[in-house]
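Got your viewer open? Here's a short tour, one selection at a time.

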Amino acid sequence: MEKLRIVFLGTPDFAVGILDTILKNNYNVIGVITAADKPAGRGQKMNYSAVKVYAMEKGLNLLQPTNLKDETFLAELKSLKANCQVVVAFRMLPEVVWRMPEFGTFNLHASLLPNYRGAAPINWAIINGETKTGVTTFFIDDKIDTGAIILAKETPIDENENAGQLHDRLMVLGSITVIETLALIEKRVVSTTIQKDNPKIKTAYKLNRENCKIDWTKPGKEIYNLIRGLSPYPCAWCIIKQDNQEWNVKIHETKLHTESHHFPIGSMHITKKEMKLAVIDGFIEICSIQFPGKKKMTASELLNGMQFSATCIAL
């Protein structure tokens, strides 16, 4: 039986966990492909992807193409003679790349496909109030997250779990699923299931400033789910207005209190240690918040150093 010669493609921390597990299971990773370095921060220092940092630490053969159709890159990739490629949180591949290895190119996606195809499946599962999610391995084709499914594993979502916590659990579940997928490929016993499209499929849209903004007119549960679904990154935000001042703030953690009241939507209710914002069916209690130019603080820490008037509202 021919052993697998693997090229791994990935960029963020989520991908690092999978790559680490592949190596710990003694698979032969002959190359790692990750995003090109980009300047970041005020000093515009070159920023390495999490996968690059890990690959350098482990002394792995590293490629960082800016163009996946570049002839020089394709020649270098072909020279590695990989017979399997594993993709985790990377960009869309051209056909010439994903068709190259003998045993195919498969992707690990952090959802139960066909639901939540797209860029942010972990976030949207929580934002939409799902009670379960999972991971799926599938062979890549010419569309995004539509290929034939190899394995899928399900896990419940706790009603108070945030995106960061779910990310870490799915990384572990994904690692197990990738190893099982590699074993099937190595033994030549892979069986796949074709994805079936239907009008009810939910999409994991790319996160942007607009869909991360809190709409305080929505029901409390929807607001609560948005905040935990965007925590710790990229974080839900809103505008807090007091008299003639406005602040764009990030809200990291909240509690939901469902109860009847007659207060205006978005009005702020403050005690010495507590901040609550009125919503249509109760209150959102702010547990941690970040003002511009400040570090993340608990509500108690913020109230120790900042005074708010009775006219303060969230927009």
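Is C212 buried or exposed? Select C212 and look around: this cysteine is buried, with a relative accessible area of 4%. Keep in mind as you click that this is a predicted model.

Now add C235 to the selection. C235 is buried too, also with a relative accessible area of 4%. Why is there no bond between them? The sulfur of C212 sits 8.7 Å from that of C235, its closest cysteine sulfur, and that is too far for a bond; a disulfide would need the two sulfur atoms within 2.5 Å. C235 is in no disulfide either, and the structure as a whole holds zero disulfides.

Next, select residues 13–24 and 163–187, which are helices α1 and α6. They pack at an angle of about 40°, with 9 Å between their axes. That angle makes α1 oblique to α6, and the crossing of α1 and α6 is right-handed. To see the contact itself, show side chains for D13, F14, G17, I18, T21 and I22 on α1. Then do likewise on α6 for H167, L170, M171, G174, S175, V178, I179 and L182. Colour the contact residues by type and you'll get eight nonpolar, five polar and one charged.

Last stop: residues 220–229, helix α7. This one is mostly covered, with eight of its 10 residues buried. Pick out G220, then I223 and Y224, then N225, L226, I227, R228 and G229 to show the buried set. What do the buried residues of α7 pack against? Turn on helices α5 and α6, plus strands β12, β13, β15 and β16, and you have their packing partners.

Technical notes. Residues numbered from 1 in each chain as written. Predicted model: local features only at pLDDT ≥ 70, side-chain atom pairs only at ≥ 80, totals over all residues. Heavy atoms only, no water. Axes fitted to C-alpha atoms, helices over the stretch in contact; angles between N-to-C directions. Helix = DSSP H or I, 4+ residues; strand = E, 2+ residues; numbered from the N terminus. Parallel < 35°, antiparallel > 145°, perpendicular 65-115°, else oblique. Left-handed = near helix turned anticlockwise from the far one by under 90°. Contact = heavy atoms within 4.5 Å. Nonpolar A, V, L, I, M, F, W, Y, C, P; charged D, E, K, R; others polar. Buried < 20%, exposed > 50% of the residue type's maximum accessible area, 1.4 Å probe, protein only.
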